[in-house]
Amino acid sequence: MKQGNLEGEDRYATLLNNAGAIRAICSAVEGTLGPKGLDTMLVGSRGEVLVTNDGATILEQMDVTHPAARMLVQVAKSQQERVGDGTTTATVLAGALVAEGVAQVTRGVPVSKVVTGLQEGIRLATEMLQARSRPLAGLRDPMLYRVAYVAAREDRQLAELVMAAAERLGVDTLRDEGYRLADSIVAHDKPVSEVWSGLLLKHKPIHAQMLAIELQLPKLLVLHDALEPEKQDEEAMMTDAGFHRYLQLKEDFKVNLNKLLDLDVRFVAVDRGVDQEAEQFCADHGIVVLQRVSKRELQRICEHTGARPIRRTVLKKSLAELAPYLGTCETLAYDARIEQVRLTGGAGLPAATVLVGGSTAEVVGERARIARDAASAVQAAVRGGYLPGGGAVEVAVAHELDRYRETVKGMEAFGVAAVVQALHKPLAQMVLNAGFNPLEHVEQVRAAQLASQSDSIAVDCDSGQLMDVLEKGIVDPAPVKIHALLAAGEVAAAVLRIHTVIKMRSSDDG
C-alpha cells in the first residue's frame, strides 16, 4: 500500500510541485479581492516599500523564480495588456482551475480528458457570460458610473474624474481599439486632481525663457529625429571635400530652421536632442521646444493635433510640401505648478487628461493605479457592456454549466466539473475576505439564484446577508470577466499538461 502511494506521488510529483507554486502566487493576491480585500506590502532589496491593493502591481513586482509560477504571472500581464483591469480575478480563477484540475487528475482521471473538458467548459462559460452581458445606454447610463466607482474601489473623486474624461472623449474614441483611456491618467505629487480636454506632457521647454510663455493657436512640428544638422562621417571630415560638405550641411540646417519661421511653427517636439544653435534660434524667435520626448507621447501629440511626424531630412522640402505635416491646437502653455506642458484643443482626435494628485509620492502612485483600473473598466464596459459583480454571475454560470456537465458521457465531464467549481472561487474568496464562511454563503447564493431565477444575487460583505448586486450598483465590465476566464483557462491547461521539467543546457556549453 505504501509502495503504491509512493508510486502515485512520484507520478504526480511535477504536477503537484507546479500546483504548489501556483498556489503560493495566488495566496499573495487573493486576499486583496473584493470590497473587504486588504493591501499587500512589497519590500525591495534596498528596503524600499510599496503598499498596494493592485493585483497587477503585486505580481509585476514579486520576485518569482518558479517556471510554473511565472506562467501565472503572464496571465496577469495578458489581462493588463488586453483590458487593463481584472488581474486579481484572472489570477484567482487560474489558481482555482489548476487546483480543481489537479484534484481530478490525482483521482485517476487522465490529464488529457481533464484538459479537454476544462477547455470545453471555459468555452461554454465565456459564451454564457457574453449572453448575459447588459448593454449600456450611452455614456450617461448610471451603470457606467457604477462600473467606474466599483473599479475605483469606491473612491468617488477618482470615479468622477474618469467619467468626466470619458464624456469629453465620446463613445467613438473609447471604442477605438488603438486608444487606451488608462493612458490619460497622469500622477503628480501635488494635492490637486482635475480633468481637462487635452494632453499633459511631462517635459520642460529646453530654454528657461519659454517657461512663462502661453501660445494661442500655435502650429506644431513633430520630429522622429534630432533637431540638428545631418551627421558627417569623421573620416570624411579629414578631407577637403568632406569638410566643405560639413559646412554645407550646417548652412542647409540654418535654412531649414528659418523655414520654421516661414511656416509660423511655434512648438517643436523631438525624440532626441537639440543642437545648441537650434536651441538658441528657437529661443530667440519664441518657439517652444521639447526634447527627448518618448515615442508614445509623440504619437499622442500627433493624434490630438493632426501633426504628421517627420525626419529632419524632410525639412529640405518646400514650404508648401511641409505645411501638411504640421499640427495645430488652441493653446499651449507651461504649468509651473506641476512642471509640465499643457496642450489643449487639438485639431485631431479628442483627448482628455486626468491629473491625479496626493499628499505623498506613495499615495499618488496608488491613486493613479486605481484610476487606471477605473479608466480601463469604463472603456471595457463601453465596448462590451456590463455584468453583475460580486461573484454573482459566475455562480449563475457555474450552475448552468453544471447542467451541461450532466449530459457529458465521457471522462471529459471531470474537466467541466473543474470549471464549475472554479467559478465559485471569486464569490467564495470575497466572502472569506469579509470574514464569513464561504461554503455556507456560496450555497445560499446558489439556492437564492435558483429560487428567483436571477444571476445578480450575491453577498453583502458588510452584513453577510444576500442582496441583489444590480440594485446596489455592483457591476463589472463584461470584457474584463470574459478575458479573465479565457486567460485563466489557457494557463491552467498549460500547467496541467506539464509532465516533466528539464533544465535546458546553457548556450555557452557548446
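Let's start in the loop between β11, residues 331-335, and β12, residues 340-344, because that's where you'll find Glu-339. Keep in mind that what we have on screen is a predicted model. What's odd about the phi of Glu-339? Well, the phi is positive, about 60 degrees, and Glu-339 is not a glycine. As background, most residues other than glycine have a negative phi. Glu-339 has a relative accessibility of 45%, so it goes down as partly exposed.

There's another residue of this kind, Arg-292. Where does Arg-292 sit? In the loop between β9 and α12. Arg-292 isn't a glycine either, and its phi is positive at about 55 degrees. Is Arg-292 buried or exposed? Exposed, because its relative accessibility is 55% and the cut-off for exposed is over 50%.

Okay, let me zoom out for a second. The chain has 510 residues, and 51% of them are buried. By secondary structure we're looking at 20 helices and 17 strands. If you draw a box around the C-alpha atoms along the principal axes, you get roughly 90 × 65 × 45 Å. And if you take the contacts in the chain with a separation of 6 or more, 75% of them are between residues 24 or more positions apart.

Now, the loop with Arg-292 leads us to a sheet. How many strands form this open sheet, and in what order? There are 4, in the order β9-β8-β7-β10, and the pairing is mixed. On the edges you have β9, 288-290, and β10, 327-328, each pairing on one side only. Inside, β7, residues 219-223, pairs with β8, residues 265-270, in the parallel sense, with 5 bridges. If you want a pair to click on, take Leu-223, whose bridge partner in β8 is Val-270.

Lying against that sheet is helix α12, residues 295-305, which touches β7, β8 and β10. The direction of α12 makes about 145 degrees with that of β7. Which residues of α12 are buried? The list is Glu-297, Leu-298, Arg-300, Ile-301, Cys-302, His-304 and Thr-305. Their cover includes β7, β8 and β10, plus β5 (198-201), β12 and β13. Right after α12 comes Gly-306, with a positive phi near 85 degrees.

I just mentioned β13, so let's go there. This strand covers residues 353-357, and 5 of its 5 residues are buried. A quick reminder: in a regular strand the side chains alternate between the two faces of the sheet. In β13, one side has Thr-353, Leu-355 and Gly-357 and the other has Val-354 and Val-356, and they're all buried, so to speak, on both faces.

Who pairs with β13? Strand β3, residues 185-188, does, in the parallel sense, over 4 bridges. There, Val-186 has Leu-355 as its bridge partner. Strand β4, residues 194-196, is joined to β13 too, by 3 bridges, but here the two run antiparallel. In that pairing, look for Trp-196 standing opposite Thr-353.

Let's finish with two helix pairs. The one I'd show you now is α4, residues 67-82, with α20, residues 478-497: their axes come within 10 Å and cross at roughly 155 degrees. That angle is why we call α4 roughly antiparallel to α20. The crossing is right-handed. On the α4 side, the contact is made by Met-71, Leu-72, Val-75, Ser-78, Gln-79 and Arg-82. On the α20 side, it's Val-480, His-483, Ala-484, Ala-487, Ala-488, Val-491, Ala-494 and Val-495. Sort the residues of that contact and you get 10 nonpolar, 3 polar and 1 charged.

The other pair is α15, residues 392-405, and α18, residues 438-452, with axes 10 Å apart and an angle of about 75 degrees. So these helices, α15 and α18, are roughly perpendicular to each other. Which residues meet there? From α15 we have Ala-392, Val-395, Ala-396 and His-399, and from α18 we have Val-445, Arg-446, Gln-449 and Leu-450. That contact divides into 5 nonpolar, 2 polar and 1 charged.

That's my tour, thanks for listening.

Conventions: Residues numbered from 1 in each chain as written. Predicted model: local features only at pLDDT ≥ 70, side-chain atom pairs only at ≥ 80, totals over all residues. Heavy atoms only, no water. Axes fitted to C-alpha atoms, helices over the stretch in contact; angles between N-to-C directions. Parallel < 35°, antiparallel > 145°, perpendicular 65-115°, else oblique. Left-handed = near helix turned anticlockwise from the far one by under 90°. Contact = heavy atoms within 4.5 Å. Nonpolar A, V, L, I, M, F, W, Y, C, P; charged D, E, K, R; others polar. Buried < 20%, exposed > 50% of the residue type's maximum accessible area, 1.4 Å probe, protein only. Pairing = 2+ DSSP bridges.
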